[in-house]
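Student: Before we start, could you show me the structure, so that I can ask how its descriptions are reached?

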Amino acid sequence: MKDFATKAKGAAIDIKGVSKHYGRFKALDDVDLQIQPGEFMSFLGPSGSGKTTTLNLIAGFTDLTRGEIRLDERSIGNTPAHKRNIGVVFQHYALFPHMTVAKNVAYPLQQRRVPKPAREAAVRETLAKVQLQDFAHRYPSELSGGQQQRVALARAMVFDPSVLLMDEPLGALDKKLREFLQLEIKRIHRELGSTFVYVTHDQEEALVLSDRIAVFNKGKIEQVGTGMELYTKPRTLFVGQFIGESSVLRGAHVEDGGAAVFTINGTPVRAARPAAGEGAHVILLRPETVSVHGAASDAPEGANRLTGTVTEALYLGSGVKYEVTIPGGTVISARMANAERLLTIGEEATVAWQPQDSILLADDGSAAQM
Amino acid sequence: MSNSNTKPDGAARLGWAGVRRHPLLLVLPALVLLILIMAVPLITIIARSFIDPVPGLGNYSWFFSHKLNLIVLWRTFVISFWVTISCVLVAYPYAFAMSVAGPRLRLILVLCVLVPFWVSGVVRTLAWVIILQDTGVINQFVIWLGFDKLSLIRTQLGVTIGMTQVLLPFMVMPLFAVMRGIDLRLIEAAKSLGSHPVKAFFQVYLPLSLPGVFAGATIVFILALGFYITPLLLGGPSSTMLSTLVQQQVMSLLNWGRGGAMGVILLVATFGFLALASPFMRRKYDISGGSK
Ligand SMILES: Nc1ncnc2c1ncn2[C@@H]1O[C@H](COP(=O)(O)OP(=O)(O)O)[C@@H](O)[C@H]1O
Ligand SMILES: [Mg+2]
């Protein structure tokens with residue numbers, strides 16, 4: 001066991017009213033976020049939405065325009081980056097090309113004047129954690145992308161930082177390696193107990209890794225929650241569409257009997273609750289709540305029904321996946337357990353779902369298909 | 001088209017496919033030129049140093065038995081050394097600024113290095129004469145301040161200043177080329193790992209820029225060894241460099257043998273220096289660190 005530091009427990013991060021302006025451009029606009037000690041928090045959002053900016057503010061690479069960031073109750077606004085004791089893993093690895101793997105990993109310990117024996121032991125132990133013990137004497141350029149990223153991870157965690165920031169660390173790697181390293185990162189998070197903040201634009205990655213996800217859009221956080229919360233109870237159309245697969249239905253809507261009713265292609269389509277607030281609303285559907293039937297009479301009792309043409313029918317083994325295009329061009333996707341018969345493309349079909357599965361959201365003008 | 005098919009066989013063989021098959025064809029013109037303007041005179045000089053006026057090692061024993069020659073040879077190396085050091089010191093921050101500047105500022109900085117380069121060395125050296133002479137700009141200022149005038153011209157200091165300015169582009173350009181390839185985000189990484197920015201510079205940036213320093217220093221040092229005009233115009237008897245001695249022997253005394261011997265000695269010394277320096281120029285690592 002390392003003897004130079006007691007095992008770090010994760011720190012709480014409190015981001016309060018933080019803004020970052022570049023000239024007149026607001027890269028971050030009045031963001032609030034509380035991250036729990038030891039939590040795995042992902043920042044998810046499209047490119048340019050302010051994820052890296054937030055990470056850089058926490059790391060101390062940029063100064064904030066307004067607001068405050070606290071690390072375990074301690075405001076860190078005036079603490080320079082090298083005194084924050086926060087580990088950072090960069091998308092571009094940022095390994096020191098003139099140092100071997102072992103020297104790279106020893107670097108943060110050297111800065112902290114850890115004596116040589118303890119340093120060497122810690123380097124060996126950490127390299128073993130990322131399964132690179134046999135590569136200690138290689139130079140970064142002699143490693144594959146995945147190996148380099150593991151060195152970067154080892155270097156960022158060898159000094160037991162209370163917070164580990166990762167900016168799209170797997171972005172440059174192929175899918176298979178990415179999935180493998182996701183599991184590694186999750187395991188390391190469990191072992192270390194530090195607070196992890198992980199930036200990604202890949203919603204699947206965010207779902208696999210995180211305790212909670214903060215969804216960024218245009219310099220603001222739209223919603224913070226567990227993957228399940230974001231998937232089943234998105235608060236905005238942007239979040240609903242960014243996480244998971246979805247179909248969006250638009251149409252004139254009225255309130256009727258304490259619930260919103262939309263008229264789509266002349267057919268009434270119900271939600272289970274009234275629309276909150278003014279303005280246009282839409283219905284968002286998750287594919288697994290939608291069923292597709294060859295005959296309208298097969299649709300379950302009390303369900304919303306729309307008719308259309310099957311434009312995609314895929315047999316997936318574990319189930320079937322359909323896309324049904326209704327008149328007007330809207331595509332509704334559905335995912336069902338195995339049906340008795342696979343509908344064929346071009347066939348007339350009825351899509352059906354229960355009113356409580358209609359996710360009612362204000363129309364914020366997000367693109368209908370992503 | 002039919003006329004393209006009627007190309008004579010020889011032209012077809014020298015066409016693009018021919019060049020691809022025999023890439024040496026591309027270096028042929030340069031090779032001819034080099035042989036004519038380099039190899040032939042060089043061989044002549046080497047030959048004459050051994051046979052002129054009488055066959056034997058007379059010219060070499062003359063060189064090594066006259067103390068003045070050895071002093072000048074040593075001085076040539078010392079001056080070249082200081083010129084190299086001052087070039088590094090001036091060029092390093094300059095090249096760094098160039099590597100981090102925006103495109104417009106970078107263009108201006110590049111021009112500032114290159115424009116003097118397009119002006120002939122004689123003209124630039126004469127400009128330095130005007131600046132450094134006893135009644136020059138610097139001394140007028142020093143006297144106006146109430147101090148004694150400085151001896152700048154006809155000293156090694158003056159020669160060093162002038163040569164530094166003339167040779168600066170040869171230091172700036174290789175440094176800039178290397179620095180442009182250094183990822184500045186490595187400094188951020190070092191900071192996040194607990195390194196003070198100043199330390200991060202010495203531990204990360206400086207080592208990565210050293211190949212540029214060595215490349216530039218080698219070029220500057222070797223060019224400085226053979227400098228003629230600048231030491232002649234800015235220097236005095238106490239700052240004579242070897243090329244001046246060569247010139248005296250050949251042009252004034254018509255002693256081609258001794259001049260040739262000095263040339264050969266300088267050449268051998270230069271190669272010796274290159275051999276000493278080459279281990280420093282090799283790198284075990286790839287500067288990009290493999291990041292894409
Ligand atoms: N140094 C800078 N100067 C000006 N604009 C910047 C700077 N850094 C980032 N931005 C802008 O801030 C916005 C957010 O960037 P960033 O946080 O990097 O987004 P991402 O979510 O992709 O990581 C982008 O529009 C980007 O162009
Ligand atoms: Mg980013």
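**The largest cavity**

Tutor: Val89(A), Gln149(A), Arg150(A), Leu153(A), Met166(A), Pro169(A), Leu170(A), Leu181(A), Glu184(A) and Ile185(A) line the largest cavity. This is a predicted model, in which local features need pLDDT of at least 70 and side-chain atom pairs count only at pLDDT 80 or more, while totals for chains, interfaces and linings use all residues. Residues are numbered from 1 along each chain as its sequence is written, chains are lettered from A and ligands numbered from 1 in the order in which they are written, and side-chain values use heavy atoms, with hydrogens and water left out.

Student: What makes a residue part of the lining of the largest cavity?

Tutor: On a 1 Å grid over the protein atoms alone, a cavity is a set of points where a 1.4 Å probe fits but cannot get out, and a lining residue has an atom within 4 Å of a point. Val89(A) is one of the residues that line the largest cavity, so Val89(A) has an atom within 4 Å of one of its points.

Student: Which elements give two or more residues to that lining?

Tutor: They are helix H4 (145-157) and helix H5 (175-192) of chain A, where a helix is a DSSP run of H or I with at least four residues, numbered from the N terminus.

Student: What is the volume of the largest cavity?

Tutor: The volume is about 60 Å³, taken as the space filled by probe spheres set on the grid points, which are joined across faces, edges and corners. The search of the whole structure finds 2 cavities of 30 Å³ or more.

**Ligand 1**

Student: Why do the contacts of ligand 1 with Gly50(A), Lys51(A) and Thr53(A) count as polar contacts?

Tutor: A polar contact is a pair of N or O atoms within 3.5 Å. An oxygen atom of ligand 1 lies 3.0 Å from a backbone N or O atom of Gly50(A), one is 2.9 Å from a polar backbone atom of Lys51(A), and one is 2.5 Å from a side-chain N or O atom of Thr53(A). These distances are within 3.5 Å, so the name applies to each pair.

Student: Which element gives the most to the shell around ligand 1?

Tutor: H1(A) does, with 3 residues, and both strand S2 (25-35) and helix H1 (51-59) of chain A supply at least two; a strand is a DSSP run of E with at least two residues.

Conventions: 1 Å grid on protein atoms, 1.4 Å probe; cavity = no way out; pocket = protein on both sides within 12 Å on 5 of 7 lines; lining within 4 Å. Polar contact = N/O pair within 3.5 Å; in protein donor to acceptor, adjacent residues only side chain to side chain.
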